[in-house]
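Please read the following note alongside the sequence and the three-dimensional view. The points are numbered for ease of discussion.

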Amino acid sequence: MAKKVSSSHAVWFVPHPYNKSENGAVICPWNMSALHRRKLLESHGASVIDASYKKNINCNITFVGEWECCSQHRPNSLWKVGLRDIYRDIHSPFLTVLDSHTQVLNTDPFVFGDYFYYACCKVRDGMKPGDIVIFGTFNKDKSDELIIDTVIVLLGKYEIKKNEDKYFPYAYYNVTLSKVSPHNNVWIGKMFDNRNHIEHLYQDLEDSYNEIYDESQKLFSFVPCKRLTEDLNNTQIITSLPVITVKNSNGDVLTGTRNGNHIEVASPSEMKNIFDDIVSQVQKQGFDLGIYMPMPTYRELIDIVK
């Protein structure tokens, strides 16, 4: 039976806040400001380390992303006063529960655990399985240069029915879904490989996705990352983010705008070529691809937020 192929796909740009989380305390509390923020995060996990997509499955990495919940942080030895792009602190994320506070910000996209999740941050009509969503900022002097922190390949959209929140990880529900209203749909990210130790909850989405892409067309969600060592002069700590340009076969360029943008892609094979080019640009700038970061663990803290 011939595969069903969608007539077109798209690469989407979603502006992600440049605002950095800078907090002098050892424990950074849950973000209750009016601004979403990004952190330089450290995690144990798995990464792709070369152009052949070879994995390093047991590594410590640093990457930039959202984690609006609490974190414990330490100084970044590479930080210097006046260097705008370098993050001052390295954050280790952990989970707390703040059901009674209505001002806490949600984490979206959510890149921890067995899947990447994307629920609300500038979700666009027209997004569909197989599309690529790039999160980041853009060069204000050159809008076709995208400064990226997260790439999600959309596996499919999961419709949340009544009392189905239990099918999402507890941390994700607490940090994101319980803070978003309404939260009827969640986009699931296509992962590098399926985690073997859990039940595959999204098999129907995988089956539909596999009708679009052949097995040889390996697209997957990732965060640009660097492997972390204990060297105090560690040059592997992220001091800036990768800068990429994206264009389709017609020469249309994906540009960064205040409200996001997208370019149309004619076929799955063209989308695969675009994905490979994104990966190549990221890796040439010295980054690995973070493909699995375990779920932050729960910590009970008293009176973090008064």
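1. The model under review is predicted. A search of the whole structure returns six salt bridges; three of them are described in the next points, together with the surroundings of the residues concerned.

2. One salt bridge joins the side chains of Arg74 and Glu42, with a nitrogen-to-oxygen distance of 2.8 Å. This pair links distant parts of the chain, since Arg74 belongs to strand S5 (residues 71–75) and Glu42 to strand S3 (residues 39–48), 32 residues apart. Arg74 has a relative accessible area of 35% and is therefore partly exposed. Glu42, at 17%, is buried, because buried means under 20% relative accessible area.

3. Another salt bridge is formed by Asp288 and Arg227, whose side chains meet at 2.6 Å, N to O. Asp288 is part of strand S14 (residues 288–292) and Arg227 is part of strand S11, so the pair ties together parts that are 61 residues apart in sequence. Which of the categories, buried or exposed, applies to Asp288? With 6% relative accessibility, Asp288 counts as buried. Arg227 is partly exposed, at 33%.

4. Glu145 and Lys142 also form a salt bridge, and their closest N and O atoms are 3.7 Å apart. Lys142 has a relative accessible area of 42%, so it is partly exposed.

5. Ile147 is placed in strand S9 (residues 142–159). Its relative accessible area of 23% makes Ile147 partly exposed. The C-alpha atoms of Ile147 and Val243 are separated by 4.5 Å, although the two residues are 96 residues apart along the chain.

6. Helix H3 covers residues 268–284, which amounts to 17 residues. From the first C-alpha to the last, H3 reaches 24 Å, close to the 24 Å expected at 1.5 Å a residue. The buried residues of H3 include Pro268, Met271, Lys272, Phe275 and Val282. After H3 comes Gly286, which has a positive phi near 90°.

7. Lys272 also offers a link to another part of the chain. Its C-alpha atom and that of Ser216 are separated by 9.6 Å, while the two residues are 56 residues apart along the chain. Ser216 is located in the loop between helix H2 (203–210) and strand S11 (223–227). At 62% relative accessibility, Ser216 counts as exposed, whereas Lys272 is buried.

8. On the surface, Lys122, Arg124, Lys140 and Arg258 form a positive patch. Lys122 sits in the loop between strand S7 (117–118) and strand S8 (132–139). Its relative accessibility is 33%, and Lys122 therefore counts as partly exposed.

Notes. Residues are numbered from 1 along each chain as its sequence is written. This is a predicted model: local features need pLDDT of at least 70, side-chain atom pairs count only at pLDDT 80 or more; totals for chains, interfaces and linings use all residues. Side-chain values use heavy atoms; hydrogens and water are left out. Helices (H or I, at least four residues) and strands (E, at least two) are DSSP runs, numbered from the N terminus. The expected span of a helix is 1.5 Å times one less than its number of residues. Buried means under 20% relative accessible area, exposed over 50%, partly exposed in between (1.4 Å probe, protein chains only). Patches are made of residues with over 30% relative accessible area and no salt bridge: like charges are joined within 9 Å, nonpolar side chains (Val, Leu, Ile, Met, Phe, Trp, Tyr) within 5 Å. Accessible areas come from the Shrake-Rupley method with a 1.4 Å probe; for residues, only the protein chains shown count as cover. A salt bridge is a side-chain nitrogen of Lys or Arg within 4 Å of a carboxyl oxygen of Asp or Glu. Lys and Arg count as positive and Asp and Glu as negative; His and the chain ends are not counted. The place of a charge is taken as NZ of Lys, CZ of Arg, CG of Asp or CD of Glu.
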